[in-house]
Amino acid sequence: MGLTEQVRYVWDDARRRFYRLHLEWAFQRAHRTGSPMSYAFLEDYLWETNLKAITNYQPSVYPGSFILFRSTESLPHNPLDHPLGWGPLARDGVQEFVIEGPHRIMDEPYITDVACILQKCLAEAQAQYSEQ
């Protein structure tokens, strides 16, 4: 990256940071005084706040396992990503169940299959909890 690009990058970064500070200040002022904010300004504030949260979020490992329901429709799109990225976040692994059908497995008639599997998983968890 040449000097011109470096200067432009630093300048753009400084402008973004200043704008975020401006949004934060304006939101706090509106909240304190009860004055309304324009929808566009509020939308910018929410966008920047969510972007900051996404950027700074560091998930921790869950001390158990996850249950993942997938549809057969999603398999061709993610064939190698077995737990869809959830694996590293579950200490005891990811239990995956594939439901025959489209991506909308929470709709009828697919939800019946999801409910049966979930009922079995909950019964197993309850039995393990009772043994402890």
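These legends accompany several close-up views of one predicted model.

**Figure 1. The whole chain, with its three helices and two strands.** Let's start with the overall layout before zooming in. From the start of the sequence to its end, the elements follow the pattern α-α-β-β-α. The radius of gyration is 23 Å, well over the 14 Å that the globule rule gives for 132 residues, so the chain is more spread out than a compact globule. Along the principal axes, the C-alpha atoms fill a box of roughly 55 × 45 × 35 Å. Buried residues account for 17% of the 132 residues. The accessible surface comes to about 10,800 Å², and carbon and sulfur atoms hold 59% of that area. Among contacts with a separation of 6 or more, 60% join residues 24 or more positions apart.

**Figure 2. Helix α2 and its two sides.** This helix runs over residues 39-56, 18 residues in total. From first C-alpha to last, α2 reaches 26 Å, close to the 26 Å expected at 1.5 Å a residue. Which residues of α2 are buried? They are F41, Y45 and E48. These three cover an arc of only 70 degrees around the axis, which puts them on the same side of α2. A handy reminder when looking at this view: an α-helix has 3.6 residues a turn, so residues three or four places apart point the same way. On the other side of α2, look for Y39, W47 and I54, which are exposed. Helix α1 (3-33) is part of what covers the buried residues of α2.

**Figure 3. E48, a buried glutamate in helix α2.** Its relative accessibility is 17%, and because the cut-off for buried is under 20%, E48 counts as buried. Setting aside neighbours within four places in sequence, E48 is in contact with R20 and L23. Both of those partners fall within the range of α1 (3-33), the helix that helps to cover the buried residues of α2.

**Figure 4. The largest nonpolar core, built from six residues.** Take a moment to find F97, I99, I105, V114, I117 and C121, which make up this core. Two elements give two or more residues to the core: β2 (94-99) and α3 (110-131). Helix α3 gives the most, with three residues. As general background, nonpolar side chains tend to be buried together in soluble globular proteins. Zooming in on V114, and leaving out neighbours within four places in sequence, the contacts are F69, I99, I105 and M106. Two of these partners, I99 and I105, are themselves members of the core.

**Figure 5. S71, a serine in strand β1.** Is S71 buried or exposed? With a relative accessible area of 2%, S71 is buried. Beyond its neighbours within four places in sequence, S71 is in contact with V98, I99, G101, P102, H103 and I105. I99 and I105 also appear in the view of the core, where they are listed among its residues.

**Figure 6. S65, in the loop between α2 and β1 (66-71).** Here the relative accessibility is 39%, and S65 counts as partly exposed. Not counting residues up to four places away in sequence, S65 touches A90, D92 and G93. How far apart are the C-alpha atoms of S65 and Q95? They are separated by 7.1 Å, although the two residues lie 30 residues apart along the chain.

Technical notes: Residues are numbered from 1 along each chain as its sequence is written. This is a predicted model: local features need pLDDT of at least 70, side-chain atom pairs count only at pLDDT 80 or more; totals for chains, interfaces and linings use all residues. Side-chain values use heavy atoms; hydrogens and water are left out. Helices (H or I, at least four residues) and strands (E, at least two) are DSSP runs, numbered from the N terminus. The expected span of a helix is 1.5 Å times one less than its number of residues. Buried means under 20% relative accessible area, exposed over 50%, partly exposed in between (1.4 Å probe, protein chains only). The arc is that of the directions from the helix axis to the C-beta atoms. Contact means heavy atoms within 4.5 Å. A nonpolar core is a set of buried Ala, Val, Leu, Ile, Met, Phe, Trp, Tyr and Cys residues joined through side-chain atoms within 4.5 Å. The radius of gyration is taken over C-alpha atoms; the globule rule is 2.2 Å times the number of residues to the power 0.38. Accessible areas come from the Shrake-Rupley method with a 1.4 Å probe; for residues, only the protein chains shown count as cover.
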